[in-house]
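Me: I am new to this structure and should like a close look at a single part of it. Please take one helix at the place where the chains meet, and explain how it is placed.

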There are 2 protein chains.
Amino acid sequence: MNSLKNMSAQPCPVARSVDVIGDRWSLLVVRDAFDGVRRFSDFQRSLGVARNILSDRLRRLVDAGILAIQPASNGSAYQEYVLTKQGEALFPLVVALRQWGERHLFAEDELHSELVEKRTGKPLHFMAPRAIDNHELSPDETEVRKLS
Amino acid sequence: MNSLKNMSAQPCPVARSVDVIGDRWSLLVVRDAFDGVRRFSDFQRSLGVARNILSDRLRRLVDAGILAIQPASNGSAYQEYVLTKQGEALFPLVVALRQWGERHLFAEDELHSELVEKRTGKPLHFMAPRAIDNHELSPDETEVRKLS
DNA sequence: CAGTATCCCTCAAGATACTG
DNA sequence: CAGTATCTTGAGGGATACTG
């Protein structure tokens, strides 16, 4: 049923977490949610994922208590997906993924977030991921990259 | 080639990290590596994964610079897989996975690691994952669970 | 717009047999 | 023991058409 093998019987908390959010899309949905994305088509456009897959992932994340469905804030008839408390608790995980990726998978663009941290004076943990990504650094500090 | 879509062209560091270690087994291999597992058959027994899959994952983790192959330390003719610096940098990620899983996926067994932390006086980040898991608490504090 | 329903295809993953 | 080779299967995922 899940994208991953059912490990809910497994006692290791790491395995259980991987079981819930360790697939190709779930964590990216969560990342987008931290960036303020709330609507189906916005997730879809941001991720480029097939609609049926997105539908499935959103439903699972709701079932897992990570996202919740709300009536739309702007008055439209449609619903929105927002992070629950439990979903927000994934923030350190997303930060850890981001930092590792930045440090080890970007040869030339290392230390971007550290530079952001230094310039803004804010610890990274208090910044939204996209706020970090989109923070512009002057070209002589590092290339400003365009993000998905 | 990877279990995940090739996102190495993607600029988001989270997506790239997910691309490298966001599959069903890689992170669990890394978790075991933090626990001191080094040999093929030990990974295999610990994870219950098929041999060909394990072989593939180990190769990918080596290719990604997360694991390195060493001659066996005990004099046997076989090699061992050990974490590189880059692999060790995944520790915060594993900790984040563990903590989230503990807090949100174990209804009755919450706060185990917090109790360990309190009793040992050591911050969790300085303890090996398995050391946390296996730390025994007296039954009146919490059930000691057996881990995979 | 926000999904659902179908179809199809690839690939991850398991099982098993085999090899140095 | 530490893998590799081969086969099969089932799930993940994409494309597209359809619906309220």
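Reply: What follows is an account of helix H6, preceded by its setting and followed by two residues that lie elsewhere.

The model is a predicted one. Chain A contains eight helices and two strands. Read from the N terminus, its elements follow the order α-α-α-α-β-β-α-α-α-α. Of the 148 residues in chain A, 36% are buried. Where contacts in chain A link residues at least 6 apart in sequence, 37% of them join residues at least 24 apart.

The relation between the chains comes next. A turn of 180 degrees, with a shift of 0.0 Å along the axis, lays chain A on chain B with an RMSD of 0.0 Å. This is the relation of a two-fold axis. The interface reflects the pairing: 100% of the interface residues of chain A are interface residues in chain B as well, so the copies meet through the same surface.

In that interface, 37 residues of chain A are in contact with 37 residues of chain B. On the side of chain A that touches chain B, helix H1 (13–21), helix H2 (26–34) and H6 each supply at least two residues. The largest share of that side, twelve residues, comes from H6(A). By class, the side of chain A that touches chain B has 21 nonpolar, seven polar and nine charged residues.

Helix H6 itself may now be considered, beginning with its length. In chain A, the 15 residues of H6(A) should span 21 Å at 1.5 Å a residue, and the end C-alpha atoms are 20 Å apart, which agrees. The copy in chain B, helix H6 (residues 91–105), also has 15 residues and an expected span of 21 Å; its end C-alpha atoms are 20 Å apart, again in agreement.

How much of the helix is covered? In H6(A), eleven of the 15 residues are buried, and the helix is mostly covered. The buried residues of H6(A) are A:Leu93, A:Val94, A:Val95, A:Ala96, A:Leu97, A:Arg98, A:Gln99, A:Trp100, A:Gly101, A:Glu102 and A:His104. For H6(B), eleven of the 15 residues are likewise buried, so H6(B) is largely enclosed by the rest of the structure. Its buried residues include B:Leu93, B:Trp100 and B:His104.

Across the interface, H6 packs against a helix of the other chain. Helix H6 (residues 91–105) of chain A meets helix H1 (residues 13–21) of chain B at an angle of about 85 degrees, the axes being 7 Å apart. That angle makes H6(A) roughly perpendicular to H1(B). From H6(A), the residues A:Val94, A:Leu97, A:Arg98, A:Trp100, A:Gly101, A:Glu102 and A:Leu105 take part; from H1(B), they meet B:Pro13, B:Val14, B:Arg16, B:Ser17, B:Val18 and B:Val20. By class, this contact has eight nonpolar, two polar and three charged residues.

The reciprocal packing joins H1(A) to H6(B). Their axes come within 7 Å and cross at roughly 85 degrees. H1(A) and H6(B) are therefore roughly perpendicular to each other. Here A:Pro13, A:Val14, A:Arg16, A:Ser17, A:Val18 and A:Val20 of H1(A) meet B:Val94, B:Leu97, B:Arg98, B:Trp100, B:Gly101, B:Glu102 and B:Leu105 of H6(B). The contact of H1(A) with H6(B) has, by class, eight nonpolar, two polar and three charged residues.

Two residues outside H6 complete the account. B:Asp32 lies in helix H2 (residues 26–34) of chain B. B:Asp32 counts as buried because it has 21 C-beta neighbours inside 10 Å, the threshold being 20 or more. Apart from neighbours within four places in sequence, B:Asp32 is in contact with B:Val37, B:Phe43, B:Ser46 and B:Leu47. B:Asp32 and B:Leu47 are 15 residues apart along the chain, and their C-alpha atoms are separated by 8.6 Å.

A:Gln79 is found in strand S2 (residues 79–83) of chain A. With 14 other C-beta atoms within 10 Å, A:Gln79 is partly exposed. Residues up to four places away in sequence not being counted, A:Gln79 touches A:Ile69, A:Gln70, A:Pro71 and A:Ala72. The C-alpha atoms of A:Gln79 and A:Gly48, which are 31 residues apart along the chain, are separated by 20 Å.

Methods:
Residues are numbered from 1 along each chain as its sequence is written. Chains are lettered from A and ligands numbered from 1 in the order in which they are written. This is a predicted model: local features need pLDDT of at least 70, side-chain atom pairs count only at pLDDT 80 or more; totals for chains, interfaces and linings use all residues. Copies are superposed by least squares on the C-alpha atoms of residues with pLDDT of at least 70 in both. Two residues are in contact if their C-beta atoms, placed from the backbone, lie within 7 Å. Helices (H or I, at least four residues) and strands (E, at least two) are DSSP runs, numbered from the N terminus. The expected span of a helix is 1.5 Å times one less than its number of residues. A residue is buried if 20 or more other C-beta atoms lie within 10 Å of its own, exposed if 12 or fewer, and partly exposed in between; C-beta atoms are placed from the backbone. Axes are lines fitted to C-alpha atoms, for helices over the stretch in contact, and angles run from 0 to 180 degrees between N-to-C directions. Angles under 35 degrees count as roughly parallel, over 145 as roughly antiparallel, 65 to 115 as roughly perpendicular and the rest as oblique. Ala, Val, Leu, Ile, Met, Phe, Trp, Tyr, Cys and Pro count as nonpolar, Asp, Glu, Lys and Arg as charged, and the others, Gly among them, as polar.
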